[in-house]
Amino acid sequence: MKQHRKRIAAVVAVAASATVLAACGSGDDDAEADGKVTITVEGWRPGDEQATADSVKDLVKEFNKANPDIVVEPKEWEWKAETFPAQLAGGTLPTTFRVPFTDTLGLVQRKQIADVTEQVEALPYADSFNESVLAAAQDADGNIYGLPSDVYGMGLHYNRQLFEEAGLDPDKPPTTWDEVQAYAKQITDETGQPGYAQMTKDNTGGWLLTTLTYAHGGRIEETDGDTTKAVIDNPETAEVLQRLHEMRWDDKSMGSNLLLDWAGINQAFAAGKVGMYVGGSDVYNALVTTNSVDPDTYGLTIVPLTDSPDAGILGGGSVSVVNAKASKAEKEAAVKWNDFFRVRKLVEEDAAVLDAKTLAASDQPIGTPLLPVFDEETWKQQREWIADYINVPVDQMTGFTDNIFGQNLVAEPPSHTQEVYGVLDAVVQKVLSDENADIAELLSTANGEAERILAQ
Amino acid sequence: MTSAAPPRRRPRRSPSTWVRGGGLSTLVLLLPMLLVFGLFSWWPIVRSFVMSLQVTNLVGPAEWVGLDNFQAVLADPMLGTALWNTVYFALLALIFGYPVPLVLAVLMSDLRRGKGVYSTLAYLPVVVPPAVAVLLWKFFYDASPSGVFNTILGWVGLGPVPWLEDTSWAMPSLVVEATWAAAGGTVIIYLAALVSVPPELYDAAEIDGSGIWRKIWHVTLPQMRTILLITLVLQIIGTAQVFLEPYLFTDGGPDNSTTTLLLLVYDYAFGNSLGGDYGKATALSLMLAGGLAILSAVYFRLTRRWSDS
């Protein structure tokens with residue numbers, strides 16, 4: 001009897017493990033069996049409201065009217081360097097998704113995204129891209145790896161309510177770095193909140209130090225022919241760090257929580273705990289959809305530039321790239337979707353209005369200042385098409401929108417960008433955490449470290 | 001009586017006797033477990049060996065590069081920083097973290113009433129999900145004068161302390177949280193071990209005129225030495241692999257003062273997307289695993305004499 005029971009148990013165990021294995025093996029469906037192509041696409045970010053997801057699903061329906069043979073499955077997704085390799089290896093990566101300008105080149109070099117030159121060149125506007133914007137999606141040979149979109153310039157975001165409480169005029173944001181420093185001190189003295197905050201973590205410290213260096217006329221890397229060298233040890237970066245040091249230790253206007261990343265600083269700002277900070281000009285969208293910022297408190301102006309002829313504003317954006325494992329049909333479908341979802345609305349009135357109308361139906365922010373993917377004329381034209389739908393407080397953003405086209409746009413450091421940013425993170429953190437930090441020595445060490453990385 | 005019994009011949013086991021003896025059903029019962037372990041535990045270990053000798057983009061075929069990844073890791077100036085930070089964390093955790101559960105367990109075992117309540121309280125932090133615990137402690141560690149700990153310090157005229165924002169405070173702050181989070185589990189183990197100490201030994205010590213400290217020193221600790229030695233090596237292995245606290249609290253900052261070996265492994269693989277260097281990451285992981293294996297072997301060899309009870 002005992003033996004008998006043992007046998008039954010064994011059979012059950014084998015059956016159970018077989019089921020597990022079978023479950024592991026299934027899941028591959030043949031996307032093209034019925035003549036239809038199925039693609040999964042980045043839809044909305046984790047943490048976004050249901051309304052954001054709904055508006056994407058509505059746009060999918062619109063897309064399907066013109067493309068009945070393409071099945072688009074939008075997914076909750078956000079570019080994260082951490083999860084990307086596992087998703088790539090495990091086959092759970094969407095067919096197409098956005099990657100920041102900064103990371104595109106690395107993915108190209110590692111052949112982790114697909115070459116879509118043929119598909120992009122077939123688009124009607126392929127020749128009219130702003131060259132420096134398209135360059136973010138190209139390799140050295142000019143092959144194209146995606147469609148650029150969401151091009152932003154860095155801007156200075158400020159809390160109008162804190163400005164008022166501190167006795168400052170929210171319609172007159174600072175126009176020089178001396179004013180930024182003075183206003184920050186005034187905000188802290190009058191309200192007790194940090195007058196100015198800056199990102200320092202997860203490579204954002206380097207991103208921001210680069211932005212401020214550009215604004216002072218300095219550079220982080222210089223390219224001469226085929227070689228790129230680090231020029232971190234320059235007077236402009238030293239000047240920026242010196243000012244941050246003064247604001248942190250003498251004015252005490254930067255608060256005491258200094259290890260901030262992108263999400264952290266947005267959260268603090270939306271909660272009214274930051275007077276001013278520098279970030280991408282499009283961050284208002286995330287402040288609304290993720291952090292529920294009070295629109296009345298929001299203000300945006302340009303990052304002040306010094307008189308240096310080299311002073312410029314750092315720009316960035318996203319490239320809608322395609323999974324390296326995608327088939328030719330999937331690549332075509334993915335580029336079609338990106339054309340519809342991200343780019344066509346910038347050049348065609350019907351597409352622009354349709355997009356704005358769909359977003360408006362679910363109360364999504366429309367009209368947050370971005371920079372031209374094509375040229376300034378097309379950009380202005382597009383703003384006019386959607387003028388009736390714009391629902392962001394544009395009057396509180398005129399400091400940026402009236403002045404940004406007078407600013408010289410400078411691209412991010414071209415080589416090993418994120419790694420160099422990582423090196424700069426430590427520099428900013430040191431200056432903000434150690435009152436006796438030796439800025440000259442920090443810059444010289446960082447330059448050596450960056451040179452070592454660039455030489456790899 | 002010199003004749004001994006003839007040596008018993010080991011019966012030869014044919015496959016059928018093996019099956020009849022229950023060998024097959026044992027194997028079959030073991031199979032699901034072996035599969036799960038093999039698939040999710042051992043296979044990844046084997047893969048990481050392979051990967052440490054390769055450069056791969058996870059799409060196309062990997063390229064064999066011999067020991068290049070190991071050389072690159074050894075040449076990285078961050079390795080020294082990360083190694084020192086890890087040793088520093090382990091040392092601090094040993095000094096603060098190792099005695100705390102023992103003291104708590106000894107005190108709790110001496111309680112006449114409410115033992116259950118106290119052991120529940122001690123174990124509670126283990127039940128709190130680690131990420132939640134870190135979020136909670138981030139509030140405690142708020143560096144502004146209105147932060148929880150700084151408010152408490154303010155009552156006695158101290159602070160404010162830049163808990164996580166200063167290169168010399170950051171690591172001790174992480175150790176305090178890690179000790180809080182992990183002590184409960186060890187307390188339970190010690191409490192169980194304390195129960196097994198024969199009460200007659202305490203009675204005998206009492207007759208000999210021992211006070212509480214002498215009883216602990218001469219009875220409790222020697223009786224618990226096996227378990228103490230094991231928890232010590234488990235703690236060293238655990239703290240050498242510290243990742244969660246530096247990752248969630250400080251991301252290695254400020255100025256790399258909390259970048260540990262595991263965080264460096266993570267950075268190689270995922271932290272900076274232009275690195276994407278899975279080969280270097282696995283190479284460093286293997287070196288760490290090898291180092292810990294050697295350390296544990298040496299430790300058990302050295303302490304073998306003590307643990308024989």
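## Salt bridges in chain A

A salt bridge here means a side-chain nitrogen of Lys or Arg sitting within 4 Å of a carboxyl oxygen of Asp or Glu. Keep in mind that you're looking at a predicted model. Glu332(A) and Lys328(A) fit that rule, with N to O at 3.5 Å. The two are 4 residues apart in helix H13 (residues 328-343) of chain A, which puts about one helical turn between them. Why does that spacing help? An α-helix has 3.6 residues a turn, so residues three or four places apart point the same way. Glu332(A) is partly exposed, at 37% relative accessibility.

You can find another pair in helix H2 (residues 50-66) of chain A, where Glu62(A) and Lys65(A) are 3 residues apart, again about one helical turn. Their closest N and O atoms are 3.2 Å apart, and they form a salt bridge. Glu62(A) is partly exposed at 24% relative accessibility, while Lys65(A) is exposed, with a relative accessible area of 62%.

## One more pair, and a network

Next, look at Arg344(A) and Glu348(A), whose side chains meet in a salt bridge at 2.8 Å, N to O. Both count as partly exposed, Arg344(A) with a relative accessible area of 22% and Glu348(A) with 32%. Elsewhere, Glu42(A), Arg98(A) and Asp150(A) are tied into one network by salt bridges that share partners. Over all chains, the count comes to 20 salt bridges.

## Helix H4 of chain B

Now hop over to chain B. Helix H4 (residues 77-97) has 21 residues and reaches 30 Å from its first C-alpha to its last, close to the 30 Å expected at 1.5 Å a residue. At its start, a side-chain oxygen of Asp76(B) comes within 2.9 Å of the backbone nitrogen of Met78(B).

Which side of H4(B) is buried? The buried residues include Met78(B), Leu79(B), Ala82(B), Phe89(B) and Leu92(B). The buried set covers an arc of only 165° around the axis, which means that these residues are on the same side of H4(B). On the other side, Trp84(B) and Ile95(B) are exposed.

## Annotated spans and domains in chain B

An unreviewed UniProt entry gives chain B several "transmembrane region" annotations, among them residues 178-197 and 224-244. In the model, residues 178-197 are 90% helix and 0% strand, with end C-alpha atoms 29 Å apart. Residues 224-244 are 81% helix and 0% strand, and their end C-alpha atoms lie 30 Å apart.

The domain assignment splits chain B into domain 1 (15-51) and domain 2 (66-307). Their C-alpha centres lie 34 Å apart.

Note on methods: Residues numbered from 1 in each chain as written. Chains lettered and ligands numbered in written order. Predicted model: local features only at pLDDT ≥ 70, side-chain atom pairs only at ≥ 80, totals over all residues. Heavy atoms only, no water. Expected span 1.5 Å × (residues − 1). Buried < 20%, exposed > 50% of the residue type's maximum accessible area, 1.4 Å probe, protein only. Arc of directions from axis to C-beta. Polar contact = N/O pair within 3.5 Å; in protein donor to acceptor, adjacent residues only side chain to side chain. UniProt positions renumbered as here; feature names shortened; annotations may be inferred. Domains from an automatic or database assignment.
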